[in-house]
Amino acid sequence: MNIEISNEAKLPSRFGKYKIKAFKEGIKEHLAIYKEPFGEVVNVRIHSECLTGDAIGSLKCDCRDQLEASLKYIENHGGMVIYLRQEGRNIGLLNKINAYSLQDQGFDTIEANHQLGFKADERTYEIVDEILSHFGINKINLLTNNPEKL
């Protein structure tokens, strides 16, 4: 896997003071937003991009709430948010909006993705291994509200 890694920068935010690095994988650029020091087991949220939720506050999902809760937690306990650029379960913004339109007609998220010719979830996580390895992280406490993702 050919990965380009940015320099480290400070990232002050309304949730706290973090450090940030970008990881470029092909045309996708992912982020590691973190607060050190890390313990032996690192608190990690793996968050897939959700422009409509994260930036606009869409009520069709709880992505923004999950991201904000994770940043607040990491501010107090240390750890990392890995922000993956995989909009709409990795079907892209245009297709996500088409899926929203199908949801308006009564389909759930999975059914809408199937109607558009996609699997229920097209996301991949190989880059997560690369990011964790870069930081020397071997054990994580996964911050998630979905036990199936463990």
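This is a short tutorial dialogue on reading strands, cores and a surface patch in a predicted model.

Me: Where should I look for the side chains of a strand such as S6, and what covers S6: is it buried or exposed?

Reply: Happy to start there! In a regular strand, side chains alternate between the two faces of the sheet. Here, 6 of the 6 residues of S6 are buried. Gly-79, Val-81 and Tyr-83 lie on one side, with Met-80, Ile-82 and Leu-84 on the other.

Me: Which strands are joined to S6 by bridges, and how do they run?

Reply: S4 and S6 run antiparallel, joined by 5 bridges; Lys-35 has Gly-79 as its bridge partner in S6. S5 and S6 run parallel, also with 5 bridges, and Ser-48 stands opposite Leu-84.

Me: Which residues touch the most other members of the largest nonpolar core?

Reply: Nonpolar side chains tend to be buried together in soluble globular proteins. The largest core in this model has 14 residues, and those touching the most other members include Met-80, Ile-82, Phe-135 and Ile-137. S4, S5, S6 and helix H6 each supply at least two of its residues, with the largest share, 4 residues, coming from H6. Ile-137 itself touches Phe-38, Val-42, Met-80 and Leu-132, leaving aside residues up to four places away in sequence. A second, separate core holds 10 residues, among them Phe-15 and Ile-74.

Me: Which residues form a nonpolar patch on the surface, and why can Leu-93 belong to a patch?

Reply: The patch consists of Leu-51, Ile-56, Leu-93 and Ile-97, with about 350 Å² of accessible area together. Leu-93, in helix H4, can count because its relative accessible area is 37%, and patch residues need over 30%.

Conventions. Residues numbered from 1 in each chain as written. Predicted model: local features only at pLDDT ≥ 70, side-chain atom pairs only at ≥ 80, totals over all residues. Heavy atoms only, no water. Patch = residues over 30% accessible without salt bridge, like charges linked within 9 Å, V, L, I, M, F, W, Y side chains within 5 Å. Areas by Shrake-Rupley, 256 points an atom, 1.4 Å probe, with all protein chains shown as cover. Salt bridge = Lys/Arg side-chain N within 4 Å of Asp/Glu carboxyl O. Buried < 20%, exposed > 50% of the residue type's maximum accessible area, 1.4 Å probe, protein only. Core = buried A, V, L, I, M, F, W, Y, C linked by side-chain atoms within 4.5 Å. Contact = heavy atoms within 4.5 Å. Pairing = 2+ DSSP bridges.
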